[in-house]
Amino acid sequence: MESDKQKFISVVSRFVDYNAKRLPDDVVLCLGKMADEERDERAKLMYGCMLRDIELAAETSRPVCQDTGLVQFFVEAGTEFPLLRELPEALKEAVERASVSAPLRPNAVEYPSENNTGTNTGRGVPYIEYDIVPDSRKLKLTVYMQGGGAALPGRAAVFPPSKGFRGIAEFVADAMVEKGINACPPLVVGVGVAGCMPTAAKLAKHACLRKLGRYSELTEIAEEERKLKALLDEIAIGPQGVGGRASTMAVNIETACHHPSSMGVAVQFSCWAMRRGVLEFDEDLTVKCLTHGGF
Amino acid sequence: MKILNLPIAEEEVRALAAGDVVYITGELVTGRDRVHERVVKEKKMPGISLKNGAVFHAGPIVTGDKGNYKTVAVGPTTSMRMEAFEADFIAATGVRIIIGKGGMGQKTAAACQKYGAVHLMFAGGAAVLAADKVVDTYGVEWEDLGMPEAMWLLRMKEFGPLVVSVDAKGGNLFEENKKIFNERKQIALEKLSDTGEIK
C-alpha cells in the first residue's frame, strides 16, 4: 500500500502546486467575459492586469497571487476508497511538498505566539472536511486556497427568521461594501443559511466553491441568488473596488433547515484569483481533473 | 506612460492627483504590518534610508539565498491594515510613496498632505505582473520577521499601472467610492420590500 499512498501524495501535491498557478477554466472564462463587457477605463485597466497576470503565471509557472492562502480540502470520501485511513497524513504531506515545489508562501501562523510554521501545515492546517459517500469506491477532492484578503470580510450572525431575504441581502451587501473592496473583486459570494452560526458558515464556504454559472437546484433559492446578484452588481464596486459595471462573478446560496426561532446567516467571499480545484480518484488512483483542462 | 523615478522630489509627488495612472522605476522596499510596528512602536530604523522613497505593502514569495534572491510573486496586501501606523511611518522615514491594495483612511491622507506623500494602488493578486517588474531583489532587512513580513529591497522597472488613490491635496479615490457604493446600496435595498420582493 505504501506505493499507492506515495502515488496519491505525489498527484495531490502536484495539483496543489498547479492550483496556485492556474485558475480554474470557469473563472478564467468569466473574468475574460467581464473584461469584455466593461466600459469604465479604470476598471478595464484592472481587468487587463488580472488577465495579463494569469497569462504570465502560466508562462513562468509562478503562483497567480503571492498570497497562496491557507490550503483547505473538502473530501467526498467513498467508504470503500482504499486510502481512506491514509488521507489526513497524505494531504498534510502533499501540502508540505507543494509548499517547496511551487513555492507557496508560508502562511500558517500559530496563535498566540505568531510563529510562522514555515510549512503551511500545523495545528488545524491544512483544513480538511470529510463527507462520507456510502458504498462508493471513489474519492472527490476539492482543494481551495483562500488568501487572507478574501477571508477578511467573512461574517456570520444569527437572526430571528422574520428577517427573511431582506435581512440576508442587507447583511451581505453591508459586508461587501464595508470590506469587499479589499477582498479583490470581482467576487464570488457564498451565502449560508442554516440553524446556527457555524452551520451557516460551513454552507457559505460550500456555496463559494460551486462552479460558476450554476444556480441552486431549488427554484426559490435560485431566484434569490439571481436577485441578490443583481442587487450586489447594482452597487458596482468593480474590479478592485475602482468602480465599473459589476461586483461579482457569482452569488451562491446554500441552505439547511433553521430553528423556528433562530436562523444562522453567513457570508464568505472569494477573490478573482479563485484557486479552486477538483480531482476525482478511482479506487486504482486513476485521476480526473474536473476544473482545469490543462492538468 | 507617466513614469515616476525613485528617489522622488516633493514637488513631483504634490503634483499628482487621485485617479492618475503612473508607473515606478527605482528602488523601493516592501513593508507590511510588522515592519510598520517595528518602526512606529519599537522606534527602530532599517539599515537603509527610505527618505524620498517608496514602501510597498506586500509580502512576497522570494527564493534563493543571500546575494541571489529572486522575487517569484509580489502583489499588494490590504493597505488599510497599516492605517494606524502609516502617518507616523511617513513622519519617521520620510517616505513619499506608499503602494498597496485598496485605499487608506483620513489619518494617512492628512499625513500625505502634511509631508508631501501619496498612496498608489496596484491590482490585488496580480503578483506575477508585479514580480515581472522586479529587476533585482538586492537585499532584505529584518529577515527575522519571516518571509511575508520582512523588508525586501526591490529594484523596479516601470512597475504599474498604479492608480493614485490618496493624493497630497486631499483627494481620496476609495473614500469617495465608498460613499458612492453606500448610496447605491441604500437605493438597491430600498427596492426590496420587507418580504424581499422587488418593488
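A residue counts as buried here if 20 or more other C-beta atoms lie within 10 Å of its own, with C-beta atoms placed from the backbone. Keep that in mind as we walk through this predicted model.

**Helix α7 of chain A**

By that rule, α7(A) has these buried residues: A:Ala200, A:Ala201, A:Leu203, A:Ala204, A:Lys205, A:Ala207 and A:Cys208. Their packing partners are strands of chain A, namely β4 (155-159), β5, β6 and β7 (263-270).

**Helix α8 of chain A**

Now turn to α8(A), where the buried residues are A:Glu224, A:Glu225, A:Leu228, A:Leu231, A:Leu232 and A:Ile235. Looking down the axis of α8(A), you would find these buried residues within an arc of 135°, so they line one face of the helix. The cover over them includes α6, β5 (187-194) and β6 (248-255) of chain A, together with α6 of chain B. Just after α8(A) comes A:Ala236, which has a positive phi, near 50°.

Here is how the lengths of the two helices compare with expectation at 1.5 Å a residue:

| Helix | Residues in helix | Span between end C-alpha atoms | Expected span |
|---|---|---|---|
| α7(A) | twelve residues | 17 Å | 16 Å |
| α8(A) | 17 residues | 25 Å | 24 Å |

For α7(A), the span agrees with the expected value, and for α8(A) it is close to it.

**Where α6 and α8 of chain A meet**

Two packed helices are described by the angle between their axes and the distance between the axes. The axes of α6(A), residues 164-179, and α8(A), residues 219-235, come within 11 Å and cross at roughly 35°. This crossing is right-handed. On the α6(A) side, the contact is made by A:Phe165, A:Ala169, A:Val172, A:Ala173, A:Met176 and A:Val177, which meet A:Glu224, A:Leu228, A:Leu231, A:Leu232 and A:Ile235 of α8(A). Sorted by class, that contact has ten nonpolar residues, one charged residue and no polar ones.

**Chain B against chain A**

What about the partner chain? In the contact between the chains, 41 residues of chain B touch 44 residues of chain A. On the chain B side, the elements giving two or more residues are β4 (61-63), β5 (70-73), α5 (127-131), β9 (151-166) and α6 (173-190). The largest share of that side, eight residues, comes from α6(B). By class, the chain B side divides into 23 nonpolar, 13 polar and five charged residues. Recall that α6 of chain B is also part of what covers the buried residues of α8(A).

Technical notes: Residues numbered from 1 in each chain as written. Chains lettered and ligands numbered in written order. Predicted model: local features only at pLDDT ≥ 70, side-chain atom pairs only at ≥ 80, totals over all residues. Axes fitted to C-alpha atoms, helices over the stretch in contact; angles between N-to-C directions. Helix = DSSP H or I, 4+ residues; strand = E, 2+ residues; numbered from the N terminus. Left-handed = near helix turned anticlockwise from the far one by under 90°. Contact = placed C-beta atoms within 7 Å. Nonpolar A, V, L, I, M, F, W, Y, C, P; charged D, E, K, R; others polar. Expected span 1.5 Å × (residues − 1). Buried ≥ 20, exposed ≤ 12 C-beta atoms within 10 Å, placed from the backbone. Arc of directions from axis to C-beta.
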